[in-house]
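Hi,

Here is the structure I said I would pass on. Have a look at it first, and then read my notes underneath.

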Amino acid sequence: MHTYYNDTAEEALQGLQSTQKGLSNEEAKQRLKQYGPNTIHIKGEPLWKKIVEPFRSVFMLILFIAAGISYGTGEALDAMIILVIIAISAIIYYVQSYSTERVLRSLKKYDVAKIEVRRDGVSDNILDEELVPGDVIRLYEGQKIPADARLLDADTLRCDESILTGESAPVTKRIDALAGKKEVYEQRNILFSGTFVVEGEATALVIGTANNTEFGKIALLATDKDTSSPVQKKIDKHMQLTVAVVGVFSSILLIFSLWRGLEAQEAFHFIVAVSVSTIPEGLPVAISVILVLGMRRMARRKALVRNMAAIENIGLVTTIATDKTGTLTKNILEVSEVWHVDPKDSLDETASQLVLSTNQKEGISHDPLDTAFTLFAKKHKIQANDFTIEKALPFDPVLAMSGNVWKTHSSHDIYLKGSPERILEHTDLSAADKKKTEEQLHAYTSLGLRVIALGRVKNKNITKLEELKDQEIEFLSLLAVADELRPEAKSSIEEVQAAGVTVRMITGDHFETAFSIGKQLGLCETREQVFDSRKMSEMSDEELSESVANSRVFARVIPENKHKILQVLKQHDITAMTGDGVNDVPALSNAHIGLAMGSGAQIAQDAGDITLLDNNFKTITVALKEGRKIYDNIRRMLFLLHTTNSGEALTFLMALVIGLPPPVLAVQILWINLVTDTAMVIPLGLEPGESDIMQRKPRRPTKPILGKVIITRMILIAMVMATVTLSLFAYFNQFMSEEYARTIAFSALIVMQWADAFNGRSLWQSIFIRIKTMNVAFYIGLSIAVTIHLLTLYGPFQEMLSITEISVEHFVVTSIVAFIPIILAGEFHKLFIKKIDPEFR
């Protein structure tokens, strides 16, 4: 491969038959056909691995062993049903895996990135995947580098290459050609795909795309990492515990069976059936599907989940620290007023050099504030002098200002915009004029306006703003900028607060501006709830911790302050924090949940767990609600599976204890497991959220998926299920044949599982209230289960399942007798819990 780092910039351009103006559009199209899209292709798993994957779990091993034992003991039908269960589980796995991959692919459309490229000498924004070798691209601070590229021009460029080299310190780049062979980490004039620009701007020549990049080569060697969410890991542990409990219970059941005189083969046969029906082998796959479908719903509502663990963790959040600009406001800035110390002054052509300098080199604005200045200048027909901008000075968070160096006819002048307080610190104003300026600043900020000061330093040329630390600045004017609040911001904040989550606003605005906006949003009532972040350096850790805990609005925040605020909040809260820039990356990556802005830097989006595609605080409430709903639905599925399975197991155990014949046969138990579980479990995982889902306090991270309250309800319902089944069996066994009584018990057990599914639709809300909430998937699943059950009782499956036809009257009456006690047991327990623990959720 050609070593472009040994070439000069011009040699690299010539080698790829390109120019500083870039490729022609026609040539770019030809090269796209030649090289293909700029998308890394990773070799997938071989087909045979995908085929055997669903059979690799311990649960499938147990089922295979059970099928082998059944076949070996002459119960071919049981073995066949177990194999059908295995086959259906595998088919569900294949279908759900395909659906999951399809959903994840569809989510990529929300995660597209664009890059500024020159073609035919004109700058345009295209999709990253459309880049080809020879393209000339422009990169800015915070951008993710989309392809390997040779630097052509750079302005104090530094890149984060840790993803490629493991080196955490940013690397300074230069355009000079390098001599000799260089390792990746030594190629200072090459930009690498997948790395980030953390400072400066650059123009570069694309030299490699897709798998022909250094990152692409590494990706081919990479293996998938474990992306299981915390809830999935809890389920895995839960399943392991289930297997252990089933093993112990089966041993006890076997001992009782032999003690009661059952033949060893028959007893063993029942134990196998109970064990198979009790293990929820399809649950992990079902939960994965529920999580992925949740990701898709969130993406449709502008919350792109980048880390599946975030789906559960968002439901744990107790405080949200949110930026003001763009999240709570529309980020459509407008210069509303201009103020000068001398009323006779105006925003003349000299000051306009700052206003009209919006990225003049490229003609593209990336800053809403610069855009507002440009629109203001156009509106007032302010024309710039015929000077040229020589250097853009990026925002310095320490000095709280940015600017440009302009080359005039005879010298260099620096024009600045930034924090009024910081510019006034270096100003040449008299004490009286400074006081007048501060009074006007207070008047503007009290109205909730953002205030920017303009300043100038004549006859000076610098490369970095830090060179102005001790420089006197000529004060020019104050610009009052309005940023309208989002109309839904206040109601969204109220909704989050009602959910027991504290909201804190973080802004770089003046104290009074922050206080005014905080009051409008309902975040604060007094100035004591607003914290001036400039005081942080003077405070002890204890003082800072107390101030942060009592504050709801943070003013004059710089990135270092933001990270410190996060560290303090994390001591007592599960914290979600928003961010959009390079300097927000430490806070985003260290927060429990990082919420990146869709319009922000790509490095910030990669550091976050969830990207807010519309930059809207309301989307945070969507994510919070969806996370809680998904967790609730997983609990519903577990409740139904364990309650019904426990009811079946208790039925066998109680029959043995009181000396009754088995009320249902092993093959019937297997059939119930096959039909009811398949039809009813996943629909429960698609339940709409509870009406009070955003009125609950966040749950504790250490809280088990199914707590003591739900476990006691499961035991109660399982006991009722077993009692009703045995009672009906014993009653009909007196007057009808044992086969007839067993069919009644079989039918009743299935009907009680339907009733329990209704109970499971809400773990705390009454069924008579919950039934008003429509879940189409639930009723489709129920219809399938009922249809199959009727075909079983009155169709072709009678002989296969050793059941006999029962009268319609007996079916209706016993179904009512079976259905009502389960509903009443669930309702009684819910009512009882509400009385002793009204806060239970």
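A quick word on confidence before anything else: pLDDT is the predictor's confidence in each residue, on a scale from 0 to 100. That matters here, as this is a predicted model. The protein averages a pLDDT of 82, and 86% of the residues score at least 70. Two stretches to watch are residues 222–227, where the pLDDT is below 50, and residues 356–365, where the pLDDT is also below 50. Beyond near neighbours in sequence, 222–227 has three contacts in the model, while 356–365 has 28. Where pLDDT is low, the predicted coordinates should not be read in detail.

Now the overall picture. The protein has 841 residues, and 53% of them count as buried. Its secondary structure comes to 28 helices and 21 strands. If you take the contacts with a separation of 6 or more, 73% of them are between residues 24 or more positions apart. The exposed surface is about 37500 Å², with carbon and sulfur atoms supplying 56% of it.

On to the inside. The largest nonpolar core has 116 residues, and Leu-521 and Ile-610 have the most contacts inside it. Helix H22 (residues 617–658) gives this core its largest share, 15 residues. Another core lies apart from it, with 24 residues, among them Val-405, Ile-462, Ile-473 and Leu-478.

What does Ile-610 touch, once neighbours within four places in sequence are left aside? Its contacts are Met-298, Ala-303, Leu-304, Val-305, Ala-310, Ile-314, Gly-594, Leu-595, Ala-596 and Ala-623. One of these, Ala-623, falls within the range of H22 (617–658).

H22 itself deserves a look. With 42 residues, this helix reaches 61 Å from its first C-alpha to its last, close to the 62 Å expected at 1.5 Å a residue. H22 is mostly covered, with 35 of its 42 residues buried. At its start, a side-chain oxygen of Asn-616 comes to within 3.0 Å of the backbone nitrogen of Lys-618. Just after the helix, Gly-659 takes a positive phi of about 85°.

You may also want to check two backbone angles. Most residues other than glycine have a negative phi. Asn-459 and Arg-556 go the other way: Asn-459 has a positive phi of about 55°, and Arg-556 has a positive phi of about 55° too. Are they buried or exposed? Asn-459, in the loop between strands E14 (450–457) and E15 (474–485), is exposed, because its relative accessible area of 59% is over the 50% cut-off. Arg-556 sits in the loop between strand E18 (553–555) and helix H19 (559–570). At 13% relative accessibility, Arg-556 is under the 20% cut-off and so counts as buried.

Last one: Ser-18, in the loop between helix H1 (9–15) and helix H2 (25–35). Its relative accessibility is 9%, so Ser-18 counts as buried. A polar atom of its side chain lies 2.7 Å from the backbone oxygen of Gly-134. Not counting residues up to four places away in sequence, Ser-18 touches Leu-13, Leu-23, Gly-134, Val-136 and Leu-205. Gly-134 therefore turns up both as the polar partner and in this list of contacts, as a polar contact is within 3.5 Å and a contact within 4.5 Å.

Over to you!

Definitions and conventions:
Residues numbered from 1 in each chain as written. Predicted model: local features only at pLDDT ≥ 70, side-chain atom pairs only at ≥ 80, totals over all residues. Heavy atoms only, no water. Helix = DSSP H or I, 4+ residues; strand = E, 2+ residues; numbered from the N terminus. Buried < 20%, exposed > 50% of the residue type's maximum accessible area, 1.4 Å probe, protein only. Core = buried A, V, L, I, M, F, W, Y, C linked by side-chain atoms within 4.5 Å. Expected span 1.5 Å × (residues − 1). Polar contact = N/O pair within 3.5 Å; in protein donor to acceptor, adjacent residues only side chain to side chain. Areas by Shrake-Rupley, 256 points an atom, 1.4 Å probe, with all protein chains shown as cover.
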